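Please look over the structure below before reading on. The report that follows takes up one interface and two metal sites.

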Number of protein chains: 4
Amino acid sequence: MKKETLKQLVQRGVMVGDIAEIVKWLQEPYFPDLQLAECVEAVEAVLNKREVQHAVLTGIALDMLTEQKLVPQPLAGIIEEDQGLYGIDEVLAMGITNVYGTIGITSFGYLDKMKTGIIGRLHNGKEGRVNTFLDDLVAAIAAAAAAKIAHNS
Amino acid sequence: MKKETLKQLVQRGVMVGDIAEIVKWLQEPYFPDLQLAECVEAVEAVLNKREVQHAVLTGIALDMLTEQKLVPQPLAGIIEEDQGLYGIDEVLAMGITNVYGTIGITSFGYLDKMKTGIIGRLHNGKEGRVNTFLDDLVAAIAAAAAAKIAHNS
Amino acid sequence: MKKETLKQLVQRGVMVGDIAEIVKWLQEPYFPDLQLAECVEAVEAVLNKREVQHAVLTGIALDMLTEQKLVPQPLAGIIEEDQGLYGIDEVLAMGITNVYGTIGITSFGYLDKMKTGIIGRLHNGKEGRVNTFLDDLVAAIAAAAAAKIAHNS
Amino acid sequence: MKKETLKQLVQRGVMVGDIAEIVKWLQEPYFPDLQLAECVEAVEAVLNKREVQHAVLTGIALDMLTEQKLVPQPLAGIIEEDQGLYGIDEVLAMGITNVYGTIGITSFGYLDKMKTGIIGRLHNGKEGRVNTFLDDLVAAIAAAAAAKIAHNS
Ligand SMILES: [Ca+2]
Ligand SMILES: [Ca+2]
Ligand SMILES: [Ca+2]
Ligand SMILES: [Ca+2]
């Protein structure tokens with residue numbers, strides 16, 4: 001299932017390297033010698049977790065089904081607009097954020113607000129594209145990977 | 001949106017009264033004089049919350065899209081079987097459980113295990129029916145309503 | 001720090017074997033061949049996690065400081081009575097429950113209600129003893145260990 | 001108990017107005033006409049919740065008991081240093097952050113990282129002062145109040 005998860009992320013425009021760069025940006029102030037390769041490794045470790053795979057597959061499915069106009073109203077409209085009050089994308093992301101402990105929550109909130117790197121590019125996507133869940137999933141994976149690096153160091 | 005939420009619950013076979021009965025069963029040991037009408041009121045109050053409506057609409061959409069074979073594999077198979085290791089239904093339900101404080105978590109877990117009333121009927125649904133999300137949503141609404149009653153008493 | 005965590009659990013009357021027995025009771029219906037030794041191993045794995053150690057040390061400290069009349073009012077009274085509406089013990093326990101994914105939440109809620117084994121003995125402790133946090137911590141450790149067994153099988 | 005909660009916040013150097021200013025800073029980009037008085041009102045509404053009062057009283061007790069050298073080792077050392085890996089302060093804060101829905105999580109993480117206003121002053125407190133829990137509690141109250149304003153507007 002990890003292979004399928006990676007494939008779907010790539011199809012939605014997200015490479016492991018994109019997420020690893022966010023991890024590096026997050027953790028560099030604390031670990032100046034941190035290598036991108038270590039960040040890639042941490043992202044891979046996060047993506048090895050079944051709970052994470054389930055969250056990613058579910059969120060991407062909701063984004064895609066909304067794009068394909070298969071989600072019923074009023075939910076479709078709410079997801080399309082990524083309404084500030086729709087918190088289910090954050091709820092799903094929290095399942096990922098916690099896999100290496102609660103310290104991931106802080107980074108998740110920070111990334112969600114700063115829209116760093118690929119997260120911002122997803123958030124301001126092309127017309128017709130729905131990334132309501134994906135931007136939060138990527139922020140959550142990066143936050144969890146950063147927590148893993150903090151725990152190991 | 002509340003009207004739409006209630007409509008979709010009814011279409012999936014869940015009446016407010018079914019949920020209120022679970023609330024009464026849960027809280028009767030502590031409040032022997034508890035009336036079903038008060039339980040109905042507490043369930044209605046839970047369903048007034050936008051966060052709850054979002055969770056219910058999202059979960060029911062996932063159940064229905066899975067039934068209609070519109071969810072891509074391998075996710076569809078995982079949801080269909082309500083695999084014990086798929087925790088996204090519980091994650092979604094947690095967003096509801098917490099609206100009246102963390103004391104709802106205990107009742108949620110208990111209901112999820114006991115499959116009381118309508119929860120059990122949903123769980124052992126007809127062939128072709130997918131209620132992977134709905135059973136947890138109902139348990140979560142009942143648990144939140146029970147927490148509301150406990151807080152008010 | 002794990003050694004210290006185990007020591008404090010023992011001093012408060014909780015042995016790893018007590019928790020393992022709850023895990024066995026929880027998982028036996030699904031895995032009839034489950035050995036107590038595997039349950040002990042799963043409990044040990046949970047207790048190896050720093051996040052778990054922090055939660056256990058913090059909860060036991062709050063119980064002990066309350067017993068020693070060092071916690072200021074009105075908090076001391078609330079903790080002493082283990083008021084149904086005080087949910088901070090559950091909040092702390094949730095940090096543990098999630099270390100092997102959200103499927104631990106269900107078992108946690110179930111154990112919290114059923115008061116199985118040592119959990120019930122802690123809950124109905126001796127006069128002057130405060131186990132407001134400890135009973136939830138033990139339920140959470142058992143729930144997380146059960147989730148680990150489910151994930152591995 | 002609200003009176004007691006406010007009193008303890010003031011004794012630890014936190015005024016409602018300090019928290020309201022953070023709320024204003026957070027929400028001003030979205031609501032340019034937002035008045036400080038509305039933010040004060042939202043903070044007061046958060047502090048009316050029993051779950052919030054419990055979290056604040058528990059966190060402040062842990063800070064104060066650590067200052068007074070009454071918390072046993074190794075926990076006291078961990079709390080004193082506000083170790084990056086100790087996540088129990090964030091766990092406690094999450095109980096507050098969620099009272100107006102999961103959208104509070106994003107602001108909480110952001111504040112925890114930016115150390116805005118009083119949060120930064122608490123974090124870099126005087127020698128001998130322990131605010132390990134308090135800075136996260138204040139960030140969580142501000143995040144919940146901001147969520148309340150977003151929901152009402
Ligand atoms: Ca989003
Ligand atoms: Ca389910
Ligand atoms: Ca308790
Ligand atoms: Ca802190």
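## Burial and the basis of the model

A residue is called buried when its relative accessible area is under 20%. By that cut-off D:Thr132, at 3% relative accessibility, counts as buried. The model described here is a predicted one, and every value in this report should be read with that in mind.

## The interface of chain D and chain C

The two chains meet through 25 residues of chain D, which are in contact with 25 residues of chain C. Between them, chain D and chain C bury about 2200 Å², and 79% of this area lies on carbon and sulfur atoms. On the side of chain D, the residues that lose the most area to chain C are D:His54, D:Ile88 and D:Val91, which together account for 22% of what that side buries.

As for polar interactions, the rule finds 0 salt bridges across the interface of chain D and chain C, while 2 residue pairs are in polar contact there, both at pLDDT 80 or more. Several helices of chain D each supply at least two residues to the side that touches chain C, namely α1 (2–11), α4 (50–67), α5 (75–81) and α6 (88–97). Of the elements on this side of chain D, α4(D) gives the most, with 9 residues. Sorted by character, the residues of chain D that touch chain C comprise 17 nonpolar, 5 polar and 3 charged ones.

## The calcium site in chain D

The calcium ion (ligand 4) has as its protein donors D:Asp89 (OD), D:Thr132 (O), D:Asp135 (OD) and D:Asp136 (OD), at 2.3 to 2.9 Å from the ion. Along the sequence, these donor residues follow the spacing D-x42-T-x2-D-D. Distant parts of the chain are linked in this way, since D:Asp89 belongs to helix α6 of chain D and D:Thr132 to the loop between α8 (118–123) and α9 (134–152), 43 residues apart. D:Asp89 has a relative accessible area of 2% and is therefore buried, and D:Thr132, at 3%, counts as buried too.

## The calcium site in chain C

In chain C, the calcium ion (ligand 3) is coordinated by C:Asp89 (OD), C:Thr132 (O), C:Asp135 (OD) and C:Asp136 (OD), at 2.3 to 2.8 Å. The donor residues of the calcium ion (ligand 3) are spaced D-x42-T-x2-D-D in sequence. Among these donors, C:Thr132 counts as buried because its relative accessibility is 3%, and C:Asp136 counts as buried because its relative accessibility is 2%.

Notes
Residues numbered from 1 in each chain as written. Chains lettered and ligands numbered in written order. Predicted model: local features only at pLDDT ≥ 70, side-chain atom pairs only at ≥ 80, totals over all residues. Heavy atoms only, no water. Contact = heavy atoms within 4.5 Å. Buried area = accessible area lost by both parts, 1.4 Å probe. Salt bridge = Lys/Arg side-chain N within 4 Å of Asp/Glu carboxyl O. Polar contact = N/O pair within 3.5 Å; in protein donor to acceptor, adjacent residues only side chain to side chain. Helix = DSSP H or I, 4+ residues; strand = E, 2+ residues; numbered from the N terminus. Nonpolar A, V, L, I, M, F, W, Y, C, P; charged D, E, K, R; others polar. Donors = N, O, S within 2.8 Å, 3.2 Å for Na, K, Ca; no water. Buried < 20%, exposed > 50% of the residue type's maximum accessible area, 1.4 Å probe, protein only.
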